[in-house]
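Welcome, and take a moment to turn the model around before reading on. The report below is meant as a guided walk for someone seeing this structure for the first time.

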Amino acid sequence: MSMRQPGITNFAGQRVWVIGATSGIGEACAKALITAGAKVAVSGRRLDRLIALCSLGQVDQCLSLPLDVTATEQIDQAYQDIVRHWHGLDLLLFVSGIYIPLRADNFTFELAEQTINANVLGPMHAVAVVLPEMLHQQAGHIAIVGSVAGYSGLPKALAYGPSKAAMINFCEALFYDVQPRGLSVHMISPGFVATPATAQNDFVMPALISPEQAAHEILAGIQQGQFDIHFPKRFSGFLKFLRLLPYPIYFWILRRFVKI
Ligand SMILES: NC(=O)c1ccc[n+]([C@@H]2O[C@H](COP(=O)([O-])OP(=O)(O)OC[C@H]3O[C@@H](n4cnc5c(N)ncnc54)[C@H](OP(=O)(O)O)[C@@H]3O)[C@@H](O)[C@H]2O)c1
């Protein structure tokens, strides 16, 4: 089966919805898209950050759509606002996510539920909302930020890891269905990026990159029509290799080299 799918060669005039635009990777993506001349709808819970972002654009270039991804009706409402203003959407870029470090000692059902609601059901709901019209148009892009933490089980990721593994599987299954129908799916797996989410980490993060570098990788991958957008390659490539190993070797390497 061919992996070819359309890219977005020029973002100018494209209608893009960035969910999780108030901070970190999503904010850097939104800024780059505004600079590139896209029409950008920005979402997140912090209205002041959305308004500040919109002030960077031309008049009518941005839409500020505050929402909580765990409140389904707020996602529905925001999409209706986009359609009312722009009559459709070319790219859903779902970046929003939460990371709560969880090991066996502090694992609770409530924290797991919070993570799954935000990182799995949130993006699934956004996709469910935009899919019907994209399928009807036989065009459109769905990009979801997962993580290399979804490749295989890692320490301190008892709920985060499974939530990101779910998104990898979701993107694969979605690609299979929609690529023959003219849509593009972009599965985004970042390594460590210096954002408020990782500022809480108490260990040295290998191959750490800036949110601007991450945004560059993401937008370049979407431009080229890539399905599997992962970076930085020196780290994401290594983790892709690790997951292929037999479990005894995999866990030996983790215990030997991951000191967290
Ligand atoms: N940083 C890394 O090293 C790294 C690595 C791999 C993957 N990722 C993934 O990249 C994505 C962005 O992470 P980041 O590091 O940029 O984190 P961040 O700086 O903490 O930003 C998270 C974004 O998600 C939004 N968000 C969180 N919960 C939300 C909710 N319930 N409703 C609406 N918006 C919500 C936040 O907006 P509000 O707070 O305003 O709602 C914010 O815009 C996440 O999916 C993360 O898992 C990050």
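What follows is a tour of some strands, the ligand site and a few individual residues.

Please keep in mind that this is a predicted model.

**Around strand S1**

A good place to begin is strand S1, residues 15-19. Four of its five residues are buried, so this strand is mostly covered, with buried meaning under 20% relative accessible area. S1 runs parallel to strand S2 (residues 39-43), and five bridges join the two. S1 is also joined to strand S4 (residues 91-94), again in parallel, by four bridges.

To see both pairings at one spot, look for Val18. Its bridge partner in S2 is Val42, while in S4 Val18 stands opposite Leu93.

How does the chain get from S1 to S2? Helix H1 (residues 24-35) belongs with these two strands to a β-α-β unit, and that unit is right-handed.

**Around strand S6**

Next, find strand S6 (184-190). Seven of its seven residues are buried. Both faces are covered: on one side the buried residues are Ser184, His186, Ile188 and Pro190, and on the other they are Val185, Met187 and Ser189.

S6 pairs with strand S5 (residues 141-145) in the parallel sense, over five bridges. Strand S7 (residues 228-231) is parallel to S6 as well, and here four bridges make the connection. Ile188 is a handy marker for both pairings: Val145 stands opposite Ile188, and in S7 the bridge partner of Ile188 is Ile229.

Which hand do the crossovers here have? S5, helix H5 and S6 make a right-handed β-α-β unit. From S6 the chain crosses through helix H6 to S7, and this β-α-β crossover is left-handed.

**The ligand site**

Now turn to the ligand. There are 29 residues around it, and those that come nearest are Thr22, Ser23, Arg45, Tyr160 and Thr195. The table gives some polar contacts between the protein and the ligand.

| Residue | Protein atom | Ligand atom | Distance |
|---|---|---|---|
| Gly20 | backbone N or O | oxygen | 3.2 Å |
| Arg46 | side-chain N or O | oxygen | 2.8 Å |
| Ser96 | polar side-chain atom | nitrogen | 3.1 Å |

How much of the ligand does the protein bury? Taken alone, the ligand exposes 880 Å², and the protein buries 93% of that. The elements giving two or more residues to the shell around the ligand are H1 and helix H5 (160-178).

**Two buried loop residues**

Some loop residues are worth a visit too. Thr198 is in the loop between S6 and helix H6 (211-223). Is Thr198 buried or exposed? It counts as buried, because its relative accessibility is 13%, and the limit for buried is under 20%. The side chain of Thr198 reaches the backbone oxygen of Val193 at 2.6 Å. Not counting residues up to four places away in sequence, Thr198 touches Phe192, Val193 and Met205.

Asp90 sits in another loop, the one between helix H3 (72-86) and S4. Its relative accessible area is 17%, so Asp90 is buried by that limit too. A polar atom of the Asp90 side chain lies 2.8 Å from the backbone nitrogen of Arg15. Which residues does Asp90 contact, leaving aside its neighbours within four places in sequence? They are Gln14, Arg15, Met134, Gly140 and His141. Arg15 therefore appears in both descriptions of Asp90, as a contact and as the owner of that backbone nitrogen.

**Backbone details**

Finally, a few features of the backbone itself. Phe231 and Pro232 are joined by a cis peptide bond, with omega about -15°. Pro232 is found in the loop between S7 and helix H7 (233-242).

Gln138 has a phi near 55°, a positive value in a residue other than glycine. You will find Gln138 in the loop between helix H4 (109-137) and S5. With a relative accessible area of 57%, Gln138 is exposed.

Ala207, likewise not a glycine, also has a positive phi, near 55°. Ala207 belongs to the loop between S6 and H6, where Thr198 is found as well.

Notes: Residues are numbered from 1 along each chain as its sequence is written. This is a predicted model: local features need pLDDT of at least 70, side-chain atom pairs count only at pLDDT 80 or more; totals for chains, interfaces and linings use all residues. Side-chain values use heavy atoms; hydrogens and water are left out. Buried means under 20% relative accessible area, exposed over 50%, partly exposed in between (1.4 Å probe, protein chains only). A polar contact is a pair of N or O atoms within 3.5 Å; within protein, one must be able to donate a hydrogen and the other to accept it, and residues adjacent in sequence count only if both atoms are side-chain atoms. Contact means heavy atoms within 4.5 Å. Two strands pair if DSSP finds at least two bridges between them. A crossover is right-handed if, with the strands pointing away from the viewer, the path from the first strand over the helix to the second runs clockwise. A residue is near a molecule or strand if one of its heavy atoms lies within 4 Å of it. Accessible areas come from the Shrake-Rupley method with a 1.4 Å probe; for residues, only the protein chains shown count as cover.
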